[in-house]
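Q: Hi! Got a minute to go through this model with me?

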Amino acid sequence: MTGLLTNAQRSYHFDVRQFHRMMAAGIFDDQKVELVAGKIYAMTDRPPHTFAVETLHEALRAMLPRDHWTIREEKPILIGRYWAPKPDISVLRGNNTNYAARQPRARDVALLVEVSDTTYHRDRGRKWRRYAAAGISIYMIVRLKGPDTLIEVWTGPTGRGSVARYTDVVRYSARAGESVPIELDGSEHGQVAVVDLVARQA
């Protein structure tokens, strides 16, 4: 044994501090990246994905008062030594001044949203388990499939590590003309029509 890894064996894991140092050093230029289970992934920026994120953000902003809720797009949540994911949307308790000097953590989160076009395997896999383990009470996945777009609302987080999971899910369909209720800390603030998140062809 030489102590050297072959290309097939080589794997690197980074912690949050290393990730932040790389970001500060400009290693990724202007590319959007996130830290998931110690690995760095590029984030999606395809037009249908961007449309869905921005449309949902606008809908949430219209229904949630700024003095009680902070809404962020693609900003990091610290949920472990090797985890600094950037959910497409995070709804945080309290106004934005609460986070002027610190990054939000799991206890601050009322709702996380991931919009999936090519990333469902990760959003419903590692992220799904880690968000449950962190105790994120509501996790929403927007599965972009054109007219068949679905929104999955996962609740009931339980367990730790690899056995963590959400126990309940309700799915809302664009094709069926359904709307998803936005419930935060036990109160409903409004509804979003699934079809509104579907980008139309010009």
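Q: What radius of gyration does the chain have, and what would a compact globule have?
A: The chain has 18 Å, which agrees with the value near 17 Å for a compact globule of 202 residues. The radius is taken over C-alpha atoms, and the globule rule is 2.2 Å times the number of residues to the power 0.38.

Q: Anything I should know about the source?
A: This is a predicted model, where local features need pLDDT of at least 70 and side-chain atom pairs count only at pLDDT 80 or more, while totals for chains, interfaces and linings use all residues. Residues are numbered from 1 along each chain as its sequence is written, and side-chain values use heavy atoms, with hydrogens and water left out.

Q: How many helices and strands are there?
A: Four helices and ten strands, taken as DSSP runs (H or I, at least four residues; E, at least two) and numbered from the N terminus.

Q: And in what order do they run?
A: From the N terminus, α-β-β-α-β-β-β-α-α-β-β-β-β-β.

Q: Which way do the residues of strand S1 point?
A: In S1 (residues 33-36), Val33 and Leu35 point one way and Glu34 and Val36 the other. All are buried, meaning under 20% relative accessible area with a 1.4 Å probe, protein chains only.

Q: Why the alternation?
A: In a regular strand, side chains alternate between the two faces of the sheet.

Q: How does S1 pair with S2, parallel or antiparallel?
A: Antiparallel, over four bridges, with S2 covering residues 39-42; pairing takes at least two DSSP bridges. Valine 33 stands opposite alanine 42.

Q: What about the turn?
A: S1 and S2 form a hairpin with two residues between them, and alanine 37 in the turn has a positive phi of about 55°.

Technical notes: Buried means under 20% relative accessible area, exposed over 50%, partly exposed in between (1.4 Å probe, protein chains only).
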